[in-house]
Amino acid sequence: MEGVIDYALYDEVQMKKAHPCTAKSKRFQIVRVGADIKIKCLGCGNVIMMDRDAFNHRIVRVLAKHDGPIEK
């Protein structure tokens, strides 16, 4: 499959659309990987769950690899 981005747990990713919080951040951290993906907004800390297909469609790139959760 062409165009699939390789990502893993705790990676910091950039999404196509900004989170509708006051920070308007496009930066998220992956906090759960499975059939569904959970990502945490690095602007406000809210957690969003989406299916893997929707996530693969909305991800732009991996910004950084981390060994654990990012603390605010």
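What follows is a walk through this structure, from its overall layout to a few chosen residues. Please keep in mind as you look around that this is a predicted model.

Let us begin with the whole chain. The protein chain has one helix and five strands, and reading along the sequence gives the pattern β-β-β-β-α-β. In other words, the helix sits between the fourth and the fifth strand in that pattern. The C-alpha atoms fill a box of roughly 35 × 25 × 20 Å along the principal axes. For 72 residues, a compact globule would have a radius of gyration near 11 Å, and the protein chain agrees with this because its own value is 11 Å. Of the 72 residues, 29% are buried. Contacts can also be sorted by how far apart the partners lie in sequence: among those with a separation of 6 or more, 44% are between residues 24 or more positions apart.

Now turn to the sheet. The five strands form an open sheet in the order 4-3-2-1-5, with antiparallel pairing. Strand 4 and strand 5 stand at the edges, and each has a single partner strand, so one side of each has no neighbour in the sheet. From one strand to the next, the twist averages 40°. As a general point to carry along, side chains in a regular strand alternate between the two faces of the sheet.

Start at the end of the sheet where strand 4 lies. Strand 3 (residues 36-41) pairs with strand 4 (residues 47-51) in the antiparallel sense, over five bridges. Within this part of the sheet, lysine 40 stands opposite valine 47 of strand 4. The hairpin of these two strands has five residues between them, and glycine 45 in that hairpin takes a positive phi near 90°.

At the other end of the order, strand 1 and strand 5 also pair in the antiparallel sense, here over four bridges. One bridge to find is that of glutamate 12, whose partner in strand 5 is alanine 64.

Glutamate 12 leads us on to the charged pairs. How many salt bridges does the structure have? The count comes to two. In one of them, the side chains of glutamate 12 and arginine 27 meet at 2.7 Å, N to O. Glutamate 12 lies in strand 1 and arginine 27 in strand 2, so this pair ties together parts that are 15 residues apart in sequence. The two partners can be compared by their accessibility: glutamate 12 is buried because its relative accessible area is 9%, under the 20% limit, while arginine 27, at 40%, counts as partly exposed.

The other salt bridge joins lysine 65 and aspartate 11, with their closest N and O atoms 3.1 Å apart. This pair links distant parts of the chain: lysine 65 is in the segment after strand 5 (59-64), aspartate 11 is in the segment before strand 1, and they are 54 residues apart. Is lysine 65 buried or exposed? At 56% relative accessibility, lysine 65 counts as exposed, whereas aspartate 11, at 1%, counts as buried.

Aspartate 11 deserves a second look for its surroundings. Leaving aside neighbours within four places in sequence, aspartate 11 is in contact with Phe28, Gln29, Ile30, Val62, Ala64, Lys65 and His66. Among these you will recognise Lys65, the salt-bridge partner, and Ala64, the bridge partner of glutamate 12.

Next, look for aromatic rings. A search of the whole structure finds one aromatic pair. Its members are tyrosine 7 and phenylalanine 55, arranged edge-to-face, with 4.9 Å centre to centre and 75° between the planes. Here too, distant parts of the chain are linked: tyrosine 7 comes from the segment before strand 1 (12-15), phenylalanine 55 belongs to helix 1 (residues 52-58), and the two are 48 residues apart. Tyrosine 7 counts as buried at 12% relative accessibility, and phenylalanine 55 is buried with a relative accessible area of 0%.

One last stop is serine 25, in the loop between strand 1 and strand 2 (27-33). Which residues does serine 25 touch, not counting those up to four places away in sequence? They are Ala18, His19, Cys41 and Gly43. Although serine 25 is placed in a loop, this residue counts as buried, at 12% relative accessibility.

Technical notes: Residues numbered from 1 in each chain as written. Predicted model: local features only at pLDDT ≥ 70, side-chain atom pairs only at ≥ 80, totals over all residues. Heavy atoms only, no water. Phe/Tyr/Trp six-rings, centres within 6.5 Å; stacked < 30°, edge-to-face > 60°. Buried < 20%, exposed > 50% of the residue type's maximum accessible area, 1.4 Å probe, protein only. Pairing = 2+ DSSP bridges. Contact = heavy atoms within 4.5 Å. Salt bridge = Lys/Arg side-chain N within 4 Å of Asp/Glu carboxyl O. Axes fitted to C-alpha atoms, helices over the stretch in contact; angles between N-to-C directions. Rg over C-alpha atoms; globule rule 2.2 N^0.38 Å.
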